[in-house]
Structure formats: C-alpha cells, structure tokens
Amino acid sequence: MRLIILTAVLLFSASPARAGITMDLVLDDLTLPIYATAPPGDARLFLAGQRGTVHIIENDTLRADPFLDIDSLVHFTGIFNDEGFYGLAFHPGYATNGYFFVYYMDNAQNTRVVRYQVSGDPNKADHASAEVVLTLAQPHTAHNGGEILFGPDGMFYVPLGDGGFFGDPDDRAQDPQQFFGKILRIDVDSLPYSIPPDNPFVGNAGVLDEIWAIGTRNPYRPSFDAATGDFWIADVGEAAWEEINVEWAGDPGGHNYGWSLVEGYGCFDPPDSCGIDTLDAPLFAYDHTNGDCSITGGFVYRGAAIPHLYGHYLYGDFCSRRVWAMRAEPDTVLDVIDLTPQIDPGSVLQTVTSIVHDGFGEPYVIDRTGSVNTGRLYRLGADFTGLPGGDGRGPNDTRVLMGSPTPN
C-alpha cells in the first residue's frame with residue numbers, strides 16, 4: 001500500500017526549538033572512525049574504525065589498547081566506500097553473557113557477521129571466541145549496508161544493500177531468493193542462527209525465510225526507537241532521492257520498499273509503469289538539489305541532556321554535512337528541523353559519517369575529515385543560557401537506557 005506523499009519543502013523549519021543545540025569536540029585525529037555504540041547503561045563508548053579496530057572511550061579519553069583488533073581479517077583498500085568494518089552490536093544480555101557481534105568485509109571480499117565474547121578483562125575482547133554467524137560473497141565492494149542491530153523483540157536484524165553497481169543491474173534487491181537488497185531477521189541465540197517462526201515469509205517457498213523486508217538499496221544506520229520499538233530505516237538513494245522508511249511498533253514485516261523499481265517517490269527502473277502503487281512508499285524523502293547526496297541514518301533521541309529534542313529522529317547527509325531532527329507519526333511527518341545552523345555555524349563538519357548515541361541515548365556525530373582517513377568525534381548538547389525558570393531539562397526519568405524498548 002502506498003503511503004501519503006508529503007511535500008517535503010513545507011516540512012522544513014530553521015527555527016530553533018527552545019534552547020539551542022551545541023556541538024562540542026570530544027576527540028580529534030581519530031583513525032578511520034566509522035561507528036560508535038555502547039551497551040545500555042554503560043558509561044563507556046565503543047568506537048569502531050573502518051580498518052577493523054574497536055577502541056573504548058572512557059571519560060572522553062581514548063584507551064590506548066583496542067578492545068578488539070581484527071585489522072588482519074578485514075579487507076580495506078584505503079578508499080572511503082563500503083569496504084572494511086561496518087557495524088558493531090551488543091547482545092541484549094551482554095551484561096551476563098558478554099556476547100557482541102561485528103559486521104565487516106573479509107579478505108576474500110565476503111560480507112561477514114561474527115560473534116565474539118568479552119574476556120575476563122571488561123576492556124578486552126576474547127579474540128579466540130570468534131564464531132561465524134553469516135558469510136555472503138559480495139558481487140561488488142559497494143552498497144553493503146551499514147549496521148547490525150537487535151530489535152526490542154530480541155531478534156537480530158541484518159540490513160543489506162543490493163551488492164553494488166549503478167541501478168542494481170542484476171535486480172538483486174527484488175529477487176526473493178537472494179539476501180542482497182533485503183533486511184534479514186534471525187535468531188542468534190543458537191549459532192550460526194535459526195529462523196524466527198513469525199518471520200513474514202516463513203512457509204512461502206518463493207521467498208527466503210530469513211527475509212524481513214525486500215527492496216533496499218543501501219540501508220545505512222537503521223535503528224529502533226528505544227522507547228517505542230519503532231524501526232527507522234534510512235536508505236541511501238541512487239542519483240536523485242534519499243529516503244526514510246519507518247516500521248511502527250508491532251509491524252509484522254514483509255514490506256517491499258521498492259528498489260530498484262522505485263527511488264524515493266517515483267519510478268526508477270522502468271521509468272514508468274513500475275507498479276509503484278503496489279510497493280511501500282517512504283515516510284519521507286529528500287532530493288539532491290541542496291548538495292545532499294547520501295543519507296546518514298541516526299536514531300530517535302531518548303536522552304536527558306536535550307529535552308526539547310526528546311522523541312525526534314536525528315539524521316544527516318554525508319555530502320551536504322547537514323543534520324536534521326524529525327518528528328513523525330504513522331503516515332505523517334510532523335516537522336523537520338535543520339539543526340545545522342545551530343550545531344555547526346562555522347561549517348567545521350566535513351562529512352556526516354555516523355550519528356550515534358552512548359549507553360544513555362546522548363548523541364554524537366562522527367566526522368571524517370580531509371582525505372577521510374582521519375576523523376573527529378563530536379557530542380551534541382543543549383545551551384540553556386538565558387532561559388528563565390531553571391535549565392529546562394525536565395525530570396531525569398525521561399532518560400531511556402538505549403536498547404531497552406521502554407523508558408526506565
């Protein structure tokens with residue numbers, strides 16, 4: 001079913017919401033930073049580099065010894081594309097079982113998902129604990145997705161791109177017998193994995209049982225809302241449109257997001273009569289007219305430091321270096337606020353590589369600079385200077401431990 005198409009230009013607002021938003025440098029001269037995350041409630045931040053190392057940031061200081069170092073296992077040519085290390089996810093039971101998962105391209109240019117376990121030292125992974133979950137031979141070195149994550153249902157989601165090359169010429173994203181261009185949903189509590197019986201295509205011989213959704217081009221940094229369980233899926237477009245799809249809490253899956261029949265709101269291949277009315281339209285899409293070219297997905301803010309952004313989805317664009325905050329409900333975008341004039345008035349950002357959060361939901365921006373081999377980490381916050389009636393932060397119980405489906 002097609003969703004209501006909204007006129008994007010009418011949704012944008014440059015007006016600040018109450019207090020201003022700040023962006024402060026945390027760390028500079030980082031090597032190939034690509035992603036960061038933390039177990040819920042953990043005061044540390046785990047920073048992943050594209051070359052295959054994960055370092056711990058504690059009290060805004062980078063520990064010298066890596067938590068994980070799989071540099072020798074990771075294929076990376078030094079070009080900023082979809083090679084190398086993509087994602088890191090902690091098991092919902094990490095506090096007791098110590099399991100975490102990594103997502104990277106190996107030296108045979110396969111996409112690989114591997115489970116590791118922390119060692120007796122909480123700041124060191126046990127490298128000998130590696131157990132392969134999934135291996136896929138990539139046809140190209142692009143469009144490999146950019147995230148792995150657990151849902152509030154405890155299942156493991158693997159969003160995959162179409163495998164690369166312009167326009168998905170082999171139609172992998174619409175092929176129900178291939179994993180490429182899909183979102184997979186699997187159970188990793190027994191390895192390598194099992195199929196959840198409530199997956200939408202179980203029992204359909206024409207579609208692989210692992211598939212949760214069809215028709216993605218390159219879903220980059222999808223996330224679950226920690227308070228509601230809504231699934232936000234930012235999908236990088238081809239030459240004209242960037243899009244955001246949302247599966248609201250309780251959605252049974254089985255959607256077809258259209259690529260490569262559709263890009264954004266219109267037909268792509270074929271350019272007309274593509275069956276668009278039978279496919280799932282994005283909640284929101286924006287074009288490339290303002291220097292935008294590649295959406296960087298983020299997350300719905302559920303922290304405490306910026307109360308006026310609570311419930312807003314934060315996302316950005318790699319090329320234009322802009323960052324937005326969106327509020328939405330099913331079928332309706334309520335507002336889209338361009339935060340860039342507030343957080344980056346001096347235009348210091350050179351890319352928006354990732355928008356991430358710590359274990360308490362506070363937001364960070366990873367910026368790759370110059371040759372994109374080095375980078376910086378910034379933290380977003382609120383400026384309450386001059387506001388009457390206290391700092392406006394509200395009760396502390398608005399904060400959500402990220403990864404939990406309900407507020408704490």
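In this predicted model, the side chain of Arg-115 lies over the face of Tyr-99, at 3.7 Å from the ring centre. A second arrangement of this kind involves Arg-221, which is placed over the face of Tyr-220 at 4.7 Å from the ring centre.

**Aromatic pairs**

The structure holds 22 aromatic pairs. Two of them share Phe-100 and are set out below.

| Pair | Centre to centre | Angle between planes | Class |
|---|---|---|---|
| Phe-90 and Phe-100 | 6.1 Å | 45° | tilted |
| Phe-100 and Tyr-116 | 5.8 Å | 15° | stacked |

The tilted pair links distant parts of the chain, with Phe-90 in strand β8 (residues 85-90) and Phe-100 in strand β9 (residues 99-105), 10 residues apart. Phe-90 and Phe-100 are both buried. The rings of Phe-100 and Tyr-116 count as stacked because their planes stand at 15°, under the limit of 30 degrees. Since Phe-100 belongs to strand β9 and Tyr-116 to strand β10 (residues 110-118), this pair ties together parts that are 16 residues apart in sequence. Both Phe-100 and Tyr-116 are buried. Ring pairs also join these residues to others in a cluster made up of Phe-46, Phe-67, Phe-90, Tyr-94, Phe-100 and Tyr-116.

**The sheet containing β16, β17, β18 and β21**

Four strands form an open sheet in the order β16-β17-β18-β21, and their pairing is antiparallel. The edges are held by β16 (223-224) and β21 (284-287); each has a single partner strand, so one side of each is left without a neighbour in the sheet. Within the sheet, strand β17 (residues 231-235) and strand β18 (residues 241-247) run antiparallel and are joined by 5 bridges. Phe-231 stands opposite Glu-247 of β18.

**The cavity**

Strand β18 also takes part in lining an internal space. The structure holds 1 cavity of 30 Å³ or more, and about 70 Å³ of space lies in the largest cavity. Its lining consists of Gly-215, Arg-217, Asp-235, Val-236, Gly-237, Trp-241, Glu-243, Tyr-257, Trp-259, Val-262, Glu-263 and Gly-264. The elements that contribute two or more residues to this lining are β18 and β19 (262-263). By residue class, the lining divides into 5 nonpolar, 3 polar and 4 charged residues.

**Strand β27 and its partners**

Which residues of β27 are buried on one side, and which on the other? Pro-363, Val-365, Asp-367 and Thr-369 are buried on one side, and Tyr-364, Ile-366 and Arg-368 are buried on the other, so that both faces of the strand are covered. In a regular strand the side chains alternate between the two faces of the sheet. Overall, 7 of the 7 residues in strand β27 (residues 363-369) are buried.

Strand β27 pairs in the antiparallel sense with strand β26 (residues 354-357), over 4 bridges. Ser-354 has Ile-366 of β27 as its bridge partner. The two strands, β26 and β27, form a hairpin with 5 residues between them, and Gly-361 in the turn has a positive phi of about 85°. Strand β27 is also paired with strand β28 (residues 374-383), again in the antiparallel sense, over 6 bridges. For Tyr-364, the bridge partner in β28 is Arg-379. Ile-366 and Tyr-364, which face the same side of β27, thus appear in bridges to β26 and to β28, respectively.

Technical notes:
Residues numbered from 1 in each chain as written. Predicted model: local features only at pLDDT ≥ 70, side-chain atom pairs only at ≥ 80, totals over all residues. Heavy atoms only, no water. Pairing = 2+ DSSP bridges. 1 Å grid on protein atoms, 1.4 Å probe; cavity = no way out; pocket = protein on both sides within 12 Å on 5 of 7 lines; lining within 4 Å. Points joined across faces, edges and corners; volume = space filled by probe spheres on them. Nonpolar A, V, L, I, M, F, W, Y, C, P; charged D, E, K, R; others polar. Phe/Tyr/Trp six-rings, centres within 6.5 Å; stacked < 30°, edge-to-face > 60°. Buried < 20%, exposed > 50% of the residue type's maximum accessible area, 1.4 Å probe, protein only. Lys NZ or Arg CZ within 6 Å of the ring centre and 35° of its normal.
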